Amino acid sequence: MLEHKFVVFMPKEYEQNVLYVSMEYKTVTHLCCCGCGKKVVTPIAPHSWKITYDGNGITLYPSIGNWDFNCRSHYWIRDSQVLWANDWDESKVQATKIQHNDAKLKYSDKILHKQEDKITSKKGIFQKILSYFK
Ligand SMILES: [Zn+2]
């Protein structure tokens, strides 16, 4: 069972089995649940992790795969419980990373296009005003 602490800034010293939740910085951090002492950072964003807090326990979605650590631990945090998942082979890790990056790219593409739309519509208004004065 994990504890959770709502913080603004992440602490200098981490305690094992504590989830540090910063809504201000949309980030959850904790020490790897295997006990290896590595810090795990899970940003809360549309194509990163989602957090659910029901007033009692914290759920993070999707699972946490620490593929870059030596321990390669993979687990879910559901209702503040650590549920251990299988180790993935490298091909699955890579496939998921590619998928993940794809989704991220599409998402930032969308934002970019939205901004472009805004700029062009502003330009349109500006040109209209200009032609009005001609
Ligand atoms: Zn670990």
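**Entry 1: ground rules**

I count as helices the DSSP runs of H or I with at least four residues, and as strands the E runs with at least two, both numbered from the N terminus. I also remind myself that this is a predicted model.

**Entry 2: overall layout**

I began with the inventory: the chain has one helix and eight strands. Read along the sequence, I get the pattern β-β-β-β-β-β-β-β-α. I then looked up burial, and 9% of the 134 residues in the chain are buried. For contacts between residues at least 6 apart in sequence, I noted that 27% join residues at least 24 apart.

**Entry 3: the sheet with S1 to S4**

I looked at the open sheet of four strands in the order S1-S2-S3-S4, and its pairing is mixed. Which strands stand at its edges? They are S1 and S4 (39–43); each has a single partner strand, so one side of each is left without a neighbour in the sheet. On average, I find neighbouring strands here turned by 20° against each other, direction ignored.

Next I checked S3 against S4: they run antiparallel and are joined by five bridges. I jotted down a residue pair as well, since threonine 27 has proline 43 in S4 as its bridge partner.

**Entry 4: the sheet with S5 to S8**

I then turned to another open sheet, where four strands follow the order S5-S6-S7-S8 with antiparallel pairing. Its edge strands are S5 (50–53) and S8 (81–84), each pairing on one side only. Here I noted an average turn of 25° between neighbouring strands, direction ignored.

How many bridges join S6 to S7? I get three, and the two strands run antiparallel. As an example, I looked up isoleucine 64, whose bridge partner in S7 is tyrosine 75. Strand S7 (residues 74–78) is joined to S8 by four bridges, again in antiparallel fashion. There I picked out arginine 78, with glutamine 81 as its bridge partner in S8.

S7 and S8 form a hairpin with two residues between them. I checked the backbone in that turn and found aspartate 79 with a positive phi of about 55°.

**Entry 5: backbone oddities**

My reason for looking at phi and omega: most residues other than glycine have a negative phi, and most peptide bonds are trans. I found further exceptions, listed here with their places.

- Asparagine 17 has a positive phi near 65°, and I place asparagine 17 in the loop between S1 (3–6) and S2.
- Lysine 26 has a positive phi of about 45°, and I place lysine 26 in the loop between S2 and S3 (27–31).
- Tyrosine 61 and proline 62 are joined by a cis peptide bond, with omega about 0°, and I find proline 62 in strand S6.

Are the two loop residues, asparagine 17 and lysine 26, buried or exposed? I need the cut-offs here: buried takes 20 or more other C-beta atoms within 10 Å, exposed takes 12 or fewer, and partly exposed is in between. Asparagine 17 has 15 such neighbours, so I log it as partly exposed. Lysine 26 has 14, so I log lysine 26 as partly exposed too.

**Entry 6: the nonpolar core**

Nonpolar side chains tend to be buried together in soluble globular proteins, so I went looking for the nonpolar core. The largest one has eight residues: Leu19, Tyr20, Val21, Val28, Ile58, Leu60, Ile64 and Ile77. Strands S2 (18–22) and S6 (58–65) each supply at least two residues of this core.

I looked up one core member, leucine 19, in more detail. Which residues does leucine 19 contact, leaving aside neighbours within four places in sequence? My list reads Leu2, His4, Val28, His30 and Ile58.

**Entry 7: following up leucine 2**

Leu2 turned up among the contacts of leucine 19, and I wanted to see where leucine 2 sits. Its place is in the segment before S1. Leucine 2 has 16 C-beta neighbours inside 10 Å, which means it counts as partly exposed.

What does leucine 2 touch, not counting residues up to four places away in sequence? I wrote down Asn17, Val18, Leu19, Ile77, Ser80 and Val82. As a last check, I took leucine 2 against arginine 78: they are 76 residues apart in sequence and 9.8 Å apart in space, C-alpha to C-alpha.

Definitions and conventions. Residues are numbered from 1 along each chain as its sequence is written. This is a predicted model: local features need pLDDT of at least 70, side-chain atom pairs count only at pLDDT 80 or more; totals for chains, interfaces and linings use all residues. A nonpolar core is a set of buried Ala, Val, Leu, Ile, Met, Phe, Trp, Tyr and Cys residues joined through C-beta atoms within 7 Å. Two residues are in contact if their C-beta atoms, placed from the backbone, lie within 7 Å. Two strands pair if DSSP finds at least two bridges between them. Axes are lines fitted to C-alpha atoms, for helices over the stretch in contact, and angles run from 0 to 180 degrees between N-to-C directions.
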